[in-house]
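Here is a short tour for a first look. It covers burial, cysteines, aromatic rings, charges over rings and one proline.

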Amino acid sequence: MTAKDLIAFVESIAGDGDRDTTLRIGVLETRLSDFAEQLRGARAELGAERGLARTLEEALRTERAGTARLEAALAERETQWAATSAALKEIQPALDEAAVNSALLDGSYIWKLIRPVVRLEVRARGLMRTVSRRRRRIEEDAAEVAASGLFDRSWYLENYQDVADSRIDPLRHYLLHGAPEGRDPGPSFSSLAYLEAYPDVVGAGLNPLLHYARYGRAEGRAVFPSRLAGPAAAAVPPAAAMLAEEADLATVKASALFDAEWYLARNADVSADGVDPALHYLWFGGQEGRDPGPRFSSGVYLVQNPDVAKGGINPLLHYLRFGEGEGRALTTTLVSEPALPAPASPSVPLTVAAILPQLSFDCGPGEVAFGGGSSVIGFAEPHAHAVATLIGALRLARHLSGPRGLGLLWSQAAGQAKQALDEAAAGVAADRAEILKFSCAGAPVFADASIEAGDTLRLRLDATGGEARVVAGLQYGRAGLEVIGACSVVEGAPAFADMAMRDAFLPLLLVVTDTRGRLSDACLLPFPCLLRGGSHHGEALACAPGHSGLEAVRRLSGTLLESWREHGLRPAVGSIDLDLTGGTGAERIFDRGLRFWLGDVLGIAIRPLLGEDQSDGAQWLAEAAFLTPPKGTRAPVDAPVLRLPVDGVPTLQALFRGPGPGDSAFAAFVAVRPSDCKPSWMVAPPAADGLDSLQPSGLAPFPLFGGGPARQAMAGERPWPAALRFVDPLARQGVEWVAPFAPEAPISTLVGAAAGALKPEPRVSVVLSCGADPLYFAAVLEALALQHGLRAIQVIASATAETAPDMLPALRRHFPLTGHLVLSGAETARHVRYNRAVELAEADLLAVLGEGVLLHDARTLAAFAALLAQPQVASVSCPLLAGSARKRDERVQMVDAGRFALPPGQTDMPPAPAPLSSLLAALPPAAWPMAAPSADLFMVRRHDWVRRGGFKPGHDLNGAPATAFWQKSARDHSMNLVTFALSATLLSAEGAAPRPPAPDRIVLAAGHEASVTASRIVA
């Protein structure tokens, strides 16, 4: 091989190696690229894992922190549990003892009496939750109205003085009363104008300012300034005013009640000026009394709806937007009504809307039909005496009906249009009318009249002549004078008529005609509520003793009308302050008809008196009681103010005659049963003053006149009641007697301002009789030991040698240091035993308990001591209760509560089982000055008792030791109080009847002017 060949061979071998190397390098590079890609993927996965790890670490730290907090809380709860367990161990013996006492109490006499109180409390809580929800809703609305910036408290109180006098929050008053009455919340907002401009707000039933604050402002609705605001009031935006005016104008033009041609034809001045008739009517014509068409009378609408006239609202616009939906009457204009056809012969039967549908009127020549609104009364010659009587009665009825008595009265002759009735015609007695009596010959007589279910008046009439008569009743309603009933009266049988009165407080016109409709006579029943079954029937019987029901109504009605005329046809009371203590909202003073009569007819305001109770229930009750009369009808500002309890209503004599004669501002009241308005007693106040300061929780036992001086009685004048109190002894259960006030209430609640006399706490000596039953005696001592509010109690018990060993253990157990037994023979007189016990008394105050009298209220003696600390009080007592004699009957009854003084004329009253107890059971929890308390329970000052002779030989009518203490105290003008804020139990043997009640009356004698005087009312 040559060198050349060797070189070539080497070169070939080198070329093959380079190719292999290149291939290997390529493979390595490919593998390297794959490894790099895998490395990048692994790094990405590692980053994700690390992020997850960090998240898990953060969550772990959070969980650990939460666990640490829970462990700390658990440790704290364990500490609290340990402390609670330790405290429980400490009080466990006391709880065991309380359980034993509770088991004993369940079977005790006291618990049986007060157990129903707990049940009533559970029911009251449900009511309070409902009241609280309503209260929260009102507060939310008030917050929105206040935040609107349009409610001005100062402006509201300045422009509405009655709100300022009532002390009710002005914002709450506007929400609940002001807006519905058309009052404005401030100078820059008119409630009525807003409702007029936006009828949808009326349909929604929302308060106008509340609607504006919630929706109207955001919707861009306009507001209008108050009519009461001066020049400083905010001006109405021109654009908003224009829009509102255009809306009003469109509403009037679109109505079928507006006739442009008719309006121009009857208003020449408008036609001559070339003014748009709709615009003229909207701006001027409506308030001027012009009619927009033949089918609508502006003047009559404004007269029948004084609220529209007062608000300055266009009558047709109001009717279209509000009145039609509210059911207000639509009255056509007089000139549009067709005339009655002229008779073609001397007498042509003329059929009209007669009193009785089956009858027709025969209106002859020269005779005129009379009526009011759409009601035809009868026809007669224009100058007949019956017409003068009718007009006088109508005029009086209109005055007594207030805003409802403004309907149109008319007369219409045959062939002529209706004419307004001439009420000033000659021969008409101004505001005079016969009362429930027809004076013409042959007219029926009223044999009976009563108010039945609801407001139905039932009349019984007897014929006095051979000719048949028709008697109809008319009364003013929302649509004017309306016929409410009628009947035919023929000889030989009594006639009855049921009349659906619109309101029992508004007068009733009674008309008698012949069967053809010719008017014979008319009379008036000015106050239907005085009839039997009416709310004020008790007043008629109380003020006219010895007279029948109808005669009593006639006499009292005549007296009331005379007094009304003397006061210028205005009431004698300016406003009523209503004490709401103990009220529920179901009392008669909340009756809608009565409130309309007081506010809209008489113009008398009602202002609630809340006192210290500011709870949700009290606020709700105050809002319901508040009453503001419309402007223009308010009573005189200088008239007296009458304060009433919530269960009372003012008498008609108080409203029309004012305060009665006497030296005291207090007035009498009549106790009336709510179910049938039947009266039982008239209770007159004592001549002594200072009763207000002795009452529980500020209650006043009698109506009270303020703002007017008392006057002396004229010759033959008797005081009259100022209130009717609707109380029912049959409806009161043992709960109300046993615990009139909650047992946990402080003593200051029971005695009012007299509670300050308990500082320092007094000492009392108690004298009692052991009796024959040691168990009863032990119960009496246990109740005495539970009395609180006293520094010390000394017990002096009278016993015989036979009973003393059984009584002594209980006395030593309850009163080991201050208990004493006085031994007497079995034949020793009771007054001697009591007087011996009194000799051992050491305290200044002396309490006497009869046999078996248990003080189930732990506040009894302290309350007695507080009242007795007043210088005008001579003794204090409370009613005694006893369980029913029937087995399994837990009811209680009052068996003794002291004695009333009766007028001398009632000494021959027929005996009754317990007339006094029936009245006292119905009286509210007040302190009443009596002629004498119960002889089984009273407290006196010891030195006064000894000075006035203590017990005397003999017995009173109830078998108790006699004493002259009560009469001597009365002669010194001191009061013997019986407080119904407390009661005590008279224990009796199992199954035995309770002790008979004490005599219910004593004759009014000299010195008893310091006592309540009761007059029995016999229907």
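## Burial

A residue counts as buried when its relative accessible area is under 20%, as exposed when it is over 50%, and as partly exposed in between. The model shown is predicted.

Take F189. Its relative accessibility is 0%. That is under the 20% limit, so F189 counts as buried. Y194 also has a relative accessible area of 0% and is buried.

## Cysteines

How many disulfides does the count come to? The count comes to 0 disulfides. A disulfide would need a pair of cysteine sulfur atoms within 2.5 Å.

Two cysteines show how burial can vary. C487 has a relative accessible area of 7%, so it is buried. C543 stands at 25%, so it counts as partly exposed.

## Aromatic pairs

A search of the whole structure finds 29 aromatic pairs. One of them joins F189 and Y194. Their ring centres are 5.3 Å apart and their planes meet at 40°. Planes under 30 degrees apart would count as stacked, and over 60 as edge-to-face. The angle of 40° fits neither, so the F189 and Y194 pair is tilted. Both partners have been met above: F189 is buried, and Y194 is buried.

F938 and W945 form another aromatic pair that is tilted. Here the distance is 5.3 Å centre to centre, with 40° between the planes. Both F938 and W945 are buried.

## An aromatic cluster

Which residues join F938 and W945 in one aromatic cluster? They are Y834, F951, F965 and W966. The tilted pair of F938 and W945 therefore belongs to this cluster.

## Charges over rings

Two arginines lie over aromatic faces. R657 lies over the face of W720, at 3.7 Å from the ring centre. R725 lies over the face of F669, at 5.3 Å from the ring centre.

## A proline in helix 24

Where is P774? Its place is in helix 24, which covers residues 774-785. Is P774 buried or partly exposed? Its relative accessibility is 32%, so P774 counts as partly exposed.

P774 also meets residues from further along the chain. Not counting residues up to four places away in sequence, P774 touches D806 and M807. A810 is 36 residues from P774 along the chain. The C-alpha atoms of P774 and A810 are separated by 8.2 Å.

Definitions and conventions: Residues numbered from 1 in each chain as written. Predicted model: local features only at pLDDT ≥ 70, side-chain atom pairs only at ≥ 80, totals over all residues. Heavy atoms only, no water. Buried < 20%, exposed > 50% of the residue type's maximum accessible area, 1.4 Å probe, protein only. Phe/Tyr/Trp six-rings, centres within 6.5 Å; stacked < 30°, edge-to-face > 60°. Lys NZ or Arg CZ within 6 Å of the ring centre and 35° of its normal. Helix = DSSP H or I, 4+ residues; strand = E, 2+ residues; numbered from the N terminus. Contact = heavy atoms within 4.5 Å.
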